[in-house]
Amino acid sequence: MYRRSLLIAAAAAAFTLASGAARAFDLAIVAFQMSSETHARVANAAAAAAKAKGWSATILNSEGSLPKHAEQLDTLIQRKPGAIIVAMGKPVEADAQLKSAKAAGIPVLTVMAGTSPHTLFDIQVNEYKVGAEAALYLLGQMNYQGNVLTQRFDGNVGTRIRGRILDAVLAENTGVKVVGSHSMARTQSWRDDVRNGMQALLLRHGADLQGIWASFDGQAYVIDDLLKARGVKKGQIPLVSIDGGVETYRRIADPESTLTATVAIPFEEMGRRAVEAVDAVVVRKQPVSSITTGPYLFLDATLVDANNVKNFLTN
């Protein structure tokens, strides 16, 4: 009798565990382009945070393709996960899918993507503030005098805003002149595009250049390599960009690198905060207003240069 009771208790415990596993919250994470370090950092951090809660977490990679992005969202709507996190998505282009998700009762939260009437909110940094900090830091390194090259990317709203803020800063500081600018195309071979465009500008203006601005760190890596190949030493031509990350901090700390500073965006923290928001709003049924009162939840970015880069290398 005692043995039979133990068997019944064990079976009941196993059933409870199995039922709990079956009821694990199902989170889908869609990253627009996992080959982009920043997209991957958000998606991977969100997945890790979800799994730490015992949730099921699936990452989908849209590979930078708008049709694939829309197709993946359509497929998820049919699957009906508990919630969807979209990293660096395209709310305007995917408006129909986001509307369908809302109609199906699937909450969608975005990160660094922009807002939509069909999503909970977007986790962002203030790109206007970020752009101003990078621009003013570069001009300060130049003592607000001299020639500058700019490497832009207008195909992304965040990098486009950064460029427009740079233009506003330059309009008020006429001692600095943009002698050349290259705008990156949205292609899989964007690194080659940046390399070719900036190499041509350096050949033309490199002898009389006091600063270089890049709209994001990946561009700055290419420019840094070009400057090192030309024999430029750290500090001779300040190179400033935006995003942050392990490779960026390594280069800022490296005396052989020309990368001077970045404005670091907390991508991992954004992924974690997205999961916490889903937990609060979707799982625990708290109001969105308990997290943010507007369409954005803004996190802080941090300027990183030689003075504080050691703090980031140890993290």
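Contacts that reach far along the sequence dominate in this predicted model. Counting pairs in the protein chain that sit at least 6 residues apart, 71% of the contacts join residues at least 24 apart. The secondary structure of the chain adds up to eleven helices and twelve strands. Of the 315 residues, 50% are buried. Along the principal axes, the C-alpha atoms take up a box of roughly 90 × 40 × 35 Å.

Strand 1 is a handy place to start, with V30 as one of its residues. V30 has a relative accessibility of 0%, so it counts as buried. Setting aside neighbours within four places in sequence, V30 touches L60, S62, H69, Q72, L73, L76, I84, I85, V86 and A87. Among these partners, L73 also shows up on the helix 3 side of a helix pair described below. As for R191, it is 161 residues away from V30 in sequence, and the two C-alpha atoms are 24 Å apart in space.

The helix pair in question is helix 3 (residues 66-79) and helix 4 (residues 95-103), whose axes lie 9 Å apart at an angle of about 10°. With an angle under 35 degrees, the two helices therefore count as roughly parallel to each other. On the helix 3 side, the contact is made by A70, L73, D74 and I77, and these meet Q97, S100 and A101 of helix 4. Sorted by type, the residues of this contact come to four nonpolar, two polar and one charged.

Between strand 3 and helix 4 there is a loop, and M88 is part of it. The backbone of M88 takes a positive phi, near 55°, although this residue is not a glycine. M88 is also tucked away: its relative accessibility is 6%, so it counts as buried.

Further along the chain comes helix 7 (residues 190-205), which holds W190. With 15% relative accessibility, W190 falls under the 20% cut-off and therefore counts as buried. Outside its neighbours within four places in sequence, W190 is in contact with M184, A185, F216, G218 and Q219. Two of the residues just named, G218 and Q219, are buried residues of helix 8. T260, for its part, is 70 residues from W190 in sequence and 22 Å from it in space, C-alpha to C-alpha.

Helix 8 itself covers residues 217-229, and its length checks out: 13 residues at 1.5 Å each should span 18 Å, and the C-alpha atoms at its ends are 18 Å apart. Ten of those 13 residues are buried, so the helix is largely enclosed by the rest of the structure. The buried set consists of D217, G218, Q219, A220, Y221, V222, I223, D224, L226 and L227. After the helix comes G231, with a positive phi near 85°.

D217 of this buried set ties helix 8 to a strand residue, as its side chain makes a polar contact of 2.4 Å with the side chain of S241. S241 belongs to strand 9 (residues 239-243), and with a relative accessible area of 0% it is buried. Neighbours within four places aside, the contacts of S241 are A134, A214, F216, D217, A220, L259, A261, T262 and V263. F216 in that list is also a contact of W190.

Strand 9 turns up again around helix 10, as part of what covers the buried residues of that helix. The cover also includes strand 1 (26-31), helix 2 (37-52), strand 3 (83-87), strand 4 (108-111) and strand 5 (122-124). The residues of helix 10 that are buried are F267, M270, G271, A274, V275, A277, V278, D279, A280, V281 and V282. Helix 10 (residues 267-283) has 17 residues, which at 1.5 Å a residue should span 24 Å; the C-alpha atoms at its ends are 23 Å apart, in agreement with that figure.

Just after helix 10, K285 adopts a positive phi of about 60°. K285 is another residue other than glycine with a positive phi, and it sits in the loop between helix 10 and strand 11 (296-298). At 66% relative accessibility, K285 counts as exposed, whereas M88, at 6%, counts as buried.

Technical notes: Residues numbered from 1 in each chain as written. Predicted model: local features only at pLDDT ≥ 70, side-chain atom pairs only at ≥ 80, totals over all residues. Heavy atoms only, no water. Axes fitted to C-alpha atoms, helices over the stretch in contact; angles between N-to-C directions. Helix = DSSP H or I, 4+ residues; strand = E, 2+ residues; numbered from the N terminus. Parallel < 35°, antiparallel > 145°, perpendicular 65-115°, else oblique. Contact = heavy atoms within 4.5 Å. Nonpolar A, V, L, I, M, F, W, Y, C, P; charged D, E, K, R; others polar. Buried < 20%, exposed > 50% of the residue type's maximum accessible area, 1.4 Å probe, protein only. Polar contact = N/O pair within 3.5 Å; in protein donor to acceptor, adjacent residues only side chain to side chain. Expected span 1.5 Å × (residues − 1).
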